[in-house]
Structure formats: structure tokens, C-alpha cells
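Reader: Before I build anything on this model, I would like to be taken through its features one at a time, with the criterion behind each. Could you start with the general idea in every case and then turn to the example at hand?

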Amino acid sequence: MSVNDALGDMLTRIRNAQMRRRPKVSTPASNLRGRVLDVLESEGFIRGYARIEQKGEHPEFEIELKYFNGQPAIKEIKRVSKPGRRVYSPVRDLPTVANGLGVSILSTPRGVMSDVRAREENVGGEILCNVF
């Protein structure tokens, strides 16, 4: 099945798995998805992920979801920049998510990073998603 928005598909899979309290979810592997998962892991929203390659099939990421007292670590995960409407922001106009409790994930010329790191490196870019 062909998907137009690969990142949006991954975020939806995570959202749906957490609603059903699943410990793990799998999604097709890609470089962008891997970079976003790196940021989610470093910010503490997921336990981790592994790349699974089976003979004759496309590689997949198996994502270990994180829960605290039975509640998902990710309260909301929302796609900002979509294929039909790209959203870019310079570093000085980067919005804060949930008064600093959440994270924006950006695609910048220096790679995919959180909004906090983008401010440290003084670089803006495309706002991929917001997580809190």
C-alpha cells in the first residue's frame, strides 16, 4: 500500500497503539522516520526502537512505547507540516509546545532535531510535528 505522508502514518500508528495500550508497534523503515524516532527517544517519549530486516521483505522499525502508571508518555502527537501545506519557521519564531513541557521536531539543514537543540544551534527549518 502506498502512503503519501510516511511520517504522518508513523505518528498515527504510535497514537493508535497507545490508545490500545500496546507495548510495541511496527512501521516501515525510512531515514526520516529513523531520525524522528531518535529525537523521540532522546527526549524520553519512547523507550527505544530497533530496525528489523526479514529476508524478502521491506525493513521495519519496531518501536517500544513508554508508559508511566498505565498512562502513555505521549499525551498528544500532532503532525504540523503536511504534504499539502508545509510549515517553516525561523529560529526566532519557533513556538513553544505546552509551555515548554512538549517538543517540536524540526527538519533543519543540520538534520532532524528538537526545538530546544535548534535554538541552541540557532537554526530554523520545517516543523514536522509537536509532541507532549
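Author: What follows goes from the overall fold to the helices, the cores, an aromatic pair and some backbone angles.

This is a predicted model, in which local features need pLDDT of at least 70 and side-chain atom pairs count only at pLDDT 80 or more, while totals for chains, interfaces and linings use all residues. Residues are numbered from 1 along each chain as its sequence is written, and side-chain values use heavy atoms, with hydrogens and water left out.

Reader: How many helices and strands does the protein chain have, and in what order do the elements run?

Author: Elements are DSSP runs numbered from the N terminus, helices being H or I with at least four residues and strands being E with at least two. The protein chain has 3 helices and 10 strands, and from the N terminus on the order is α-β-α-β-β-β-β-β-β-β-β-α-β.

Reader: What radius of gyration does the protein chain have, set against that of a compact globule?

Author: The radius of gyration is taken over C-alpha atoms, and the globule rule is 2.2 Å times the number of residues to the power 0.38. For 132 residues a compact globule would have a value near 14 Å, and the protein chain has 15 Å, which agrees. Along its principal axes, the C-alpha trace spans about 45 × 35 × 25 Å.

A contact means heavy atoms within 4.5 Å; of the contacts with a separation of 6 or more, 60% are between residues 24 or more positions apart.

Reader: What share of the residues is buried, and how much area does the protein chain expose?

Author: Buried means under 20% relative accessible area, exposed means over 50%, and partly exposed lies in between, with a 1.4 Å probe and protein chains only. Buried residues make up 39% of the 132 residues. Accessible areas come from the Shrake-Rupley method with a 1.4 Å probe, and for residues only the protein chains shown count as cover; the protein chain exposes about 8,100 Å², of which carbon and sulfur atoms supply 46%.

Reader: What end-to-end distance should the helices α1 and α2 have?

Author: The expected span of a helix is 1.5 Å times one less than its number of residues. The 14 residues of α1 should therefore span 20 Å, and the end C-alpha atoms of α1 are 20 Å apart, which agrees. For the 12 residues of α2 the expected span is 16 Å, and the end C-alpha atoms of α2 are 17 Å apart, which agrees too.

The buried residues of α1 include Leu7, Met10, Leu11 and Ile14, and those of α2 include Arg33, Val36, Leu37 and Leu40. Arg35 is also found in α2, but Arg35 is partly exposed, with a relative accessible area of 46%.

Reader: Which residues have the most contacts inside the largest nonpolar core?

Author: A nonpolar core is a set of buried Ala, Val, Leu, Ile, Met, Phe, Trp, Tyr and Cys residues joined through side-chain atoms within 4.5 Å. The largest one has 23 residues, and those with the most contacts inside it are Met10, Ile14, Val36, Leu40, Ile63, Ile105 and Val131. The elements giving two or more residues to this core are α1 (6-19), α2 (31-42), β3 (60-65), β8 (103-108) and β10 (125-131), and α1 gives the most, with 5 residues.

Leaving aside neighbours within four places in sequence, Ile14 is in contact with Val25, Leu40, Ile63, Leu65 and Ile74. A second, separate core of 7 residues includes Val87, Leu94, Val123 and Ile127.

Reader: How many aromatic pairs does a search of the whole structure find?

Author: Rings of Phe, Tyr and Trp (its six-membered ring) pair if their centres lie within 6.5 Å, and planes under 30 degrees apart count as stacked, over 60 as edge-to-face and the rest as tilted. The search finds 1 aromatic pair. Tyr49 and Phe61 form this edge-to-face pair, at 5.2 Å centre to centre and with 85 degrees between the planes. The pair links distant parts of the chain, Tyr49 in strand β2 (residues 46-52) and Phe61 in strand β3, 12 residues apart. Tyr49 counts as partly exposed because its relative accessibility is 25%, whereas Phe61, at 5%, is buried.

Reader: Where do Asn69 and Asn122 lie?

Author: Asn69 lies in the loop between β4 (67-68) and β5 (71-72), and has a positive phi of about 55 degrees although it is not a glycine. Asn122 lies in the loop between α3 (115-121) and β10, with a positive phi near 55 degrees. Asn69 is exposed at 69% relative accessibility, and Asn122 is exposed at 57%.
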